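Please open the model in a viewer and follow the stops below in order. Each stop names a selection and then describes what is found there.

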Amino acid sequence: MADSMWQGGGVDLDAYLERVGHRGDVAADLPTLRGLHAAHVDAIAFDNLDALLGREAVPLDLDSVQEKIVRQGRGGWCLEQVVLMAAVLDRIGFTFTAFAGRTRIRTGSRFGPALHVALCVELDGEHWLHDVSFGAYGPHEPVRLAEHARLDDDWSFDLVREQTGEYVLRFLRPEGPVELYGFTTDVRHPSDFEILNHFCLTHPRSPFNHQMVLQRTQPGVRHILAGSTLTEIRPARPATSRELDKDELLTAPADIFGIALAPGDAQALRTVLDGP
């Protein structure tokens, strides 16, 4: 455990389980994998506020991620959340690798940078897509990693495979399937995350460093805040959107996304929203 690149020996498992509200024993089995996935996405929002507030770094070491997400009650963007989730799974004894995906939902492009990261977990001879960090469009529990696999529930997903060999994860909505991202299972390591993290924080084409992006998945509703536009998704209904005023934007992190902001961060967000 001490030599694992995923740092399972350093995770405060009890504090994490309390943070996500997971009750009962945990073991390296499918019920635990499903339970942790659902609890994590329900409790922990996608949160780009550090980038929006002009922070010079978003640390990816486990101690910093645990301090922010577990102890301070913040959310995190996908790289932070995968660092935390990987350490938890490593501590419990799961076998897994990380991979990177090319997001399609925002741009429709199949050829953008592979900025999203998730995990591929091996259990009893099968592989499972374990993705807790895609925000309000992502799956609420693991999806079996196989061509034509489906997750059917109030929120439905499937996997298709293209001629290139890439898998595509799709969110099945009443208005039609939504392509979320394409990926292969080529293995990525924590050192690769640092490069992606730098792009997300500093690059002018990053979707995360110029507007507020908050997302949360809950059993009966999903919320996405991009800039001032709040989108609400409910099972079997078309998505609805509305514009938030400045006061609503200031309260949205806590009231809608369950993000606990320190007083200094709340004031910094007000300054950003006030503009120059």
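The structure holds nine aromatic pairs; rings of Phe, Tyr and Trp (its six-membered ring) pair if their centres lie within 6.5 Å, with planes under 30 degrees apart counted as stacked, over 60 as edge-to-face and the rest as tilted. The model is predicted, so local features need pLDDT of at least 70 and side-chain atom pairs count only at pLDDT 80 or more, while totals for chains, interfaces and linings use all residues. Residues are numbered from 1 along each chain as its sequence is written, and side-chain values use heavy atoms, with hydrogens and water left out.

**Stop 1: the aromatic rings**

Select Tyr 167 and Phe 183, a stacked pair with 5.5 Å centre to centre and 25 degrees between the planes. Tyr 167 lies in strand S8 (residues 167–173) and Phe 183 in strand S9 (residues 176–183), so the pair ties together parts that are 16 residues apart in sequence. Strands (E, at least two residues) and helices (H or I, at least four) are DSSP runs, numbered from the N terminus. Tyr 167 has 11% relative accessibility and counts as buried; Phe 183, at 0%, also counts as buried. Here buried means under 20% relative accessible area, exposed over 50%, and partly exposed in between (1.4 Å probe, protein chains only).

Add Tyr 181: its ring centre is 5.7 Å from that of Phe 183 and the planes stand at 55 degrees, so this pair is tilted. Tyr 181 and Phe 183 are both buried. Extend the selection to Phe 99 and Phe 134, which ring pairs link with Tyr 167, Tyr 181 and Phe 183 into a cluster.

**Stop 2: Leu 169**

Remain on strand S8 and select Leu 169, which is buried with a relative accessible area of 0%. Beyond its neighbours within four places in sequence, Leu 169 has contacts (heavy atoms within 4.5 Å) that include Leu 129, Pro 139, Phe 157, Val 178, Tyr 181 and Phe 183. For a distance check, the C-alpha atoms of Leu 169 and Val 121 are 16 Å apart, with their positions 48 residues apart along the chain.

**Stop 3: Trp 155**

Select Trp 155 with Arg 222, which lies over the face of the ring at 4.3 Å from its centre. A charge sits over a ring if NZ of Lys or CZ of Arg is within 6 Å of the ring centre and within 35 degrees of the ring normal.

**Stop 4: helices H4 and H5**

Show helix H4 (residues 62–71) and H5, whose axes come within 10 Å and cross at roughly 100 degrees. The two helices are therefore roughly perpendicular to each other, a label that covers angles of 65 to 115 degrees. Residues of H4 including Leu 62, Val 65 and Ile 69 meet residues of H5, among them Gln 81, Leu 84 and Ala 87.

Is Gln 81 buried or exposed? Gln 81, in helix H5 (residues 78–92), counts as buried at 1% relative accessibility. Its side chain is joined to that of His 40 by a polar contact of 2.8 Å.

**Stop 5: positive phi values**

Select Gln 7, in the segment before helix H1 (13–20); its phi is near 60 degrees, a positive value in a residue other than glycine. Gln 7 counts as partly exposed at 39% relative accessibility. Finish at His 148, in the loop between strand S5 (143–144) and strand S6 (150–151). The phi of His 148 is near 70 degrees, and the residue is exposed, with a relative accessible area of 59%.

Terms used
Polar contact = N/O pair within 3.5 Å; in protein donor to acceptor, adjacent residues only side chain to side chain. Axes fitted to C-alpha atoms, helices over the stretch in contact; angles between N-to-C directions. Parallel < 35°, antiparallel > 145°, perpendicular 65-115°, else oblique.
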